Structures are given as C-alpha cells and as structure tokens.
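Okay, hi everyone. I'd like to spend a couple of minutes on how two chains sit together, so have a look at the picture with me.

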2 protein chains.
Amino acid sequence: MTKAFQVVGVGNAIVDVISRIEDDFLSENKVEKGIMQLIDRDRAVELYSHMGPSREVSGGSAANTIAGLASLGERTAYVGKVKDDQLGEIFAHDLRAQGAVYETPFAPKDHAHETGRCMVLVSPDGERSMSTYLGVSEFLSASDIDEAQMAQAEWLFLEGYRFDGPDSHAAFARAIRACKAAGGKVAVTLSDPFCVERHRDAFLAMIRTDADLVVANEHELKSLFETDDLTHAMDRAEAEIAMTACTVGAKGAHLIAGGSRVHAAATATSVVDATGAGDLFAAGLLHGLATRRDMLTCLRMGCVAAAEVISHIGARPEQDLRELFAQEGLAQKAA
Amino acid sequence: MTKAFQVVGVGNAIVDVISRIEDDFLSENKVEKGIMQLIDRDRAVELYSHMGPSREVSGGSAANTIAGLASLGERTAYVGKVKDDQLGEIFAHDLRAQGAVYETPFAPKDHAHETGRCMVLVSPDGERSMSTYLGVSEFLSASDIDEAQMAQAEWLFLEGYRFDGPDSHAAFARAIRACKAAGGKVAVTLSDPFCVERHRDAFLAMIRTDADLVVANEHELKSLFETDDLTHAMDRAEAEIAMTACTVGAKGAHLIAGGSRVHAAATATSVVDATGAGDLFAAGLLHGLATRRDMLTCLRMGCVAAAEVISHIGARPEQDLRELFAQEGLAQKAA
C-alpha cells in the first residue's frame, strides 16, 4: 500500500537571517568560520546589532531538505516547533507554500522564547558561519510527534542538530518507533562536527539500532568515528551502518551500501553561499531513494541539488530541480 | 554651518515579502501588474496564503532611498512607523545597520495593527507588482516629527505614498515647516500613478508651495498634470516646479531645472527585480545634489544606482555604489 508520505522530516524550525560579511567580522565577533554555534537570545541580539543589513529566508536543516523534496513533487511532511509570532508565520508559510504538510502545534504567544533564528554570515568565498538561537524549536517534545503520521512515512528523516534539546531524544524515539513499526525506514543527518562531538554516544547508539541511512560530510563522519582518516571512517561506516552518504565538498560524494561504494563528482557551480549544501544534497539523495533509482543516480541527484542551493543566497531551492535533473540526464524514466 | 543630516526621509516603513510568480498568478489573484495597490490585513493574509515561498527584505520607498544614501556615506535619518514586533525589529536593524539614524517611536505591542508589509510579486520579465498592507506605518502623525531633526536636514525627502494616511498631511506640513524655516530644501516623490490620482490636488498644492525637487517616473508625471503627452507634462513641470527629475524606464531619465534640461541614458543591466528602481534613482540623484555635482552627474548617479538595485532581488543596494560610480567615471573629485 502506498504511504501518505515519501519523507517526513523532524528538526529545528528556524528562520535564517543572512548577511554578507568580510572575514574580519568573524574574528572581531568571535564567530568560528564554517560551523554552527549555538547561542542564547542575548548573544543573538548582540550579534545582530553588529551585523549589516540582512535578509530573512526560512531555513532549518531538515526543513530545507523537506522543502527541496516538496519542490520535486514528493509527498512530504515536516515536524518542528515555531512560535505563534511573525517569524513562525513566515516559516510555516514557506514550507506549506512549497507543498509540504506542516502541522506541528505552534508554541503559544506567551511562551518565553521566540521562533528560532540562525544568523548566517556569508564570507566572500561563499563559506557560511552560523550562530543559532534555537528559541522554541528546542522545545519540540514527544507530544508533538503524531504517531499516525510517522506510520505513514516511507522515510523518516531526523536532523542531528535536534539532539540539542531537552525532550528531543524522547521525540526522536517515539517517531522512530512509530515509523519502524509500520515498516518505514529511518535516515539521520549528522549536521555538524561539533554537534556530533556533543552527542557522539547517542548518535552511535541510534545509528547502530535504527538508521537505514546516515547522511554526513567528511568532517562529521570522521568526528563520529573519532578518526582523522576518511578512508578509515568510511570503512567503519560500511561495517556499522546499512547505508552511508558522505559528501566531500568540491570532490563530490560517496554512497556506501550493501558492499558497494559509488562516487559522484560535484556538479560544477560557483559558490555564492554554501548554506544548505548538505540539506539539499540529502533532498536529492532521498528523492532518488524514494523513487527507487540506482545508487549512482541517487548520489548525482544529491550533487545537482546541492550545487543549485550554493549558487545563490539562502538555503531553499530557487530553480526547478526537476529541470536541472533532466539537464543532467537524471530525469525519471517513463514507467 | 554644516547640518547634521544631508537627507532626512519620511515615508511608509515596510518590510517586503518577495516572491517570484508567473504572470498567470497576477490575474488569478486580481493583482494589477506593475503598480502598487493598498490592501487590508485580511487581503494580505489571503494573498500570502496563495504565494509561494518568499523571502523578507526591508523596504519602504523613502527608506530604500535613505538606505542607498547611507550606503554612500551620506549623513541620513529616516522617519516612519513600525510596531514593536519582529518585522519592526528587522526594519529598524537594517536601516541602522546601513548607517542611518532611525528614532521614530515604535507603535506599542498592543497596537491593533502590525508592522506594514508589501507583497512584492516579481514576474519573469522582472516587473514587480506590489500589494501593500500599511499596518502601523499608516499611523505616522505630526507628533512623530522631531522639529529639531528637521531643522538639521539639508534635504527633506517626502514619500508620496505617505499621502495615504489620516495624519500624514499634518506630519508632512510640520516637517516641511521646520526644515524650510532652517533653510533646508524639500524633495517629494510621486511614488505611483494611482497614488498621484488619489491625492492630485494635495500633491499639486504642496509642490507649488514647497517642493524644491520632484522625483517621478513618466507615468506619475503625466498623471500629475492629467495628460498623455510626456513633453507636455515636462513643460508643465518646468513652469511649475523648481527642479523635476523624471525617469523614463529603459530610456533613462531627464532633469529639468533653471531653464535647463539634461538627459542621461539608462545604465545597462539585466532586470531581475524592478523593485526599488525609482527609490535608488532618487538616492543617486540626491547624492549628487547633496555633494553639489553638476546636473548630468546627478542624473547619471541616479541611473547607476537604479541599475544596481534592479539587477537583484530586493530593493536595497547590495553592491558598493561608490565603486559603481567610480567605474562610471562619476567619483567625487578630490577637493
């Protein structure tokens, strides 16, 4: 029986506040280049006061992936918490307008925190440095997980970042249980090397027990297995994980599963803003998996979608990904 | 004595909600292409629900002009009303981050309206169609005008759109009085042909009495003088207005003053989003006037600044306008 959703994502619901900066700004404001740092509300206010004019675009790692999948015509849903405030309204609109189902109850107006936001500082080389005030997204709890929805997911897609939060493990566990009990599969992103470091044991336990797919970049995968050697990390992944997709920046990406390893080159593009590269890689990959394409095609779809999102400001796709797939000879064959 | 501000702008404080659409969307949603329509909150909510994923960028016509001037290093201030909400915070941040003084008191959290927003629908040809929910920006009143600040303005820049509001005429009158009494000059934009139609008599009265400069496009100028003939409208402008700048789209712009008429060609660019073209034209022009350049240079600065803002999404400048002026041979001569 066809399930209602090809992919259901769970993650931090975030609006990105994007500003171009010179690299000096990073050192002056103690922001580490290329990674994601969690900040509290006071720090967010302070950092924002130093930032130049910005623009706001809905973000959130798994939400970006779901937006990408929805733009590809997939049946998708998203679970993540915003508040009943203007940024929350913007986040919900942008996801629903893309075609995803989004029904997580908003935190009420009197909640002490606001909708989460991420200060995305884009360097001249296109690298992004992120400072995230999680706001109410941190308060996603098991009660926000609709088990019936999870049972309707072919793939459950869990954002590693969401390990940063008091009730997140319970929420993830409930989602995984309901999805798996109904025969669904579970994918996990590692999100960020420092996020992996904060939660390595929990990540490993979950991956060994439940993950049918892990999506990571080379730094995250090396951090997970505490090694500086990518080959060693990929060997460990092959031994311990059913399927692992590992991006290697300008060198493309690897997919490791069932004794096979395939590699795809990165799709040529000029990097304007690296934000969302991993999220859209995951979208392309999951699109391939959900439509039962071969490993190399899945991987190439990931690379094409990642190239689209880094060619402009903002982490949601702007071009028609189906057209880009067709241009690369990846269009769905007629049945 | 040098005044504190080269230009002080007064207008509708607005955040733009920008979405690319196909032209069909305009007819299906009863939005007229290329103009600005005022809408109420219910209509804003309804239209937004039909729009695709969007991005938010601070806007507001005079605010865009002031942001452009501030980015050029001019001493600027802005007067316009936002609420103490998230969009208000974003608007204030973006203007201050650009270097403008912005001290208008926020409408309190319990105000019945929110910070104003403009749904900017960008067609494939780059033309923009705007539906504006004025929100609290409509409630700018004479009490928001700081007479001491107005007395410190070399140029007062009044946004025609702000004629749409109960207390606006009183606010404008107070600002003009304080500015003129201290020897400052007054510039007025006509903003939109339908805005001109709604307020023709008031516009004409103010222009005849107080305006040292009128900034308009050809449609607005023709509407002001109720003629279909641009030459006739320019003749009327020459007879009745001290100085008139009139943009003519891809054909560039005219400046008419003191018995002279000069014309500048449009700066070559590809139109991505026409939003803000007139606002940044005004910024370049006022920059030239404030730095006492000749008429043709003032006009060309307007054309270069307009070309920059239509080459990308959003109505605030993204490139360094000073560099663009230098490339066009318009850099300030050393004193």
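Before anything else, a quick word on "contact": two residues count as being in contact if their C-beta atoms, placed from the backbone, lie within 7 Å. And keep in mind that this is a predicted model.

So, how many residues does each chain bring to the contact? Chain A puts in 19 residues, and chain B puts in 19 residues. Here's the nice bit: 100% of the interface residues of chain A are interface residues in chain B too, so the copies meet through the same surface.

Now look at the side of chain A that touches chain B. Strand E4 (55-58) and helix H4 (86-97) of chain A each supply at least two residues there. Which element gives the most? That's H4(A), with six residues. As for the kinds of residue on that side of chain A, we have seven nonpolar, seven polar and five charged.

Let's zoom in on the strands. E4(A) is joined to strand E4 of chain B, residues 55-58, by three bridges, and the two strands run antiparallel. To find one pairing yourself, start at Arg55(A): its bridge partner in E4(B) is Val57(B).

Last thing, the symmetry. If you rotate chain A by 180 degrees, with 0.0 Å of shift along the axis, chain A superposes on chain B with an RMSD of 0.0 Å. The two copies are therefore related as by a two-fold rotation axis. And where does chain A come nearest to that axis, going by C-alphas? At Glu56(A), whose C-alpha is 2.5 Å from the axis. Glu56(A) falls within the 55-58 range of strand E4 of chain A.

How values were computed
Residues are numbered from 1 along each chain as its sequence is written. Chains are lettered from A and ligands numbered from 1 in the order in which they are written. This is a predicted model: local features need pLDDT of at least 70, side-chain atom pairs count only at pLDDT 80 or more; totals for chains, interfaces and linings use all residues. Helices (H or I, at least four residues) and strands (E, at least two) are DSSP runs, numbered from the N terminus. Ala, Val, Leu, Ile, Met, Phe, Trp, Tyr, Cys and Pro count as nonpolar, Asp, Glu, Lys and Arg as charged, and the others, Gly among them, as polar. Two strands pair if DSSP finds at least two bridges between them. Copies are superposed by least squares on the C-alpha atoms of residues with pLDDT of at least 70 in both.
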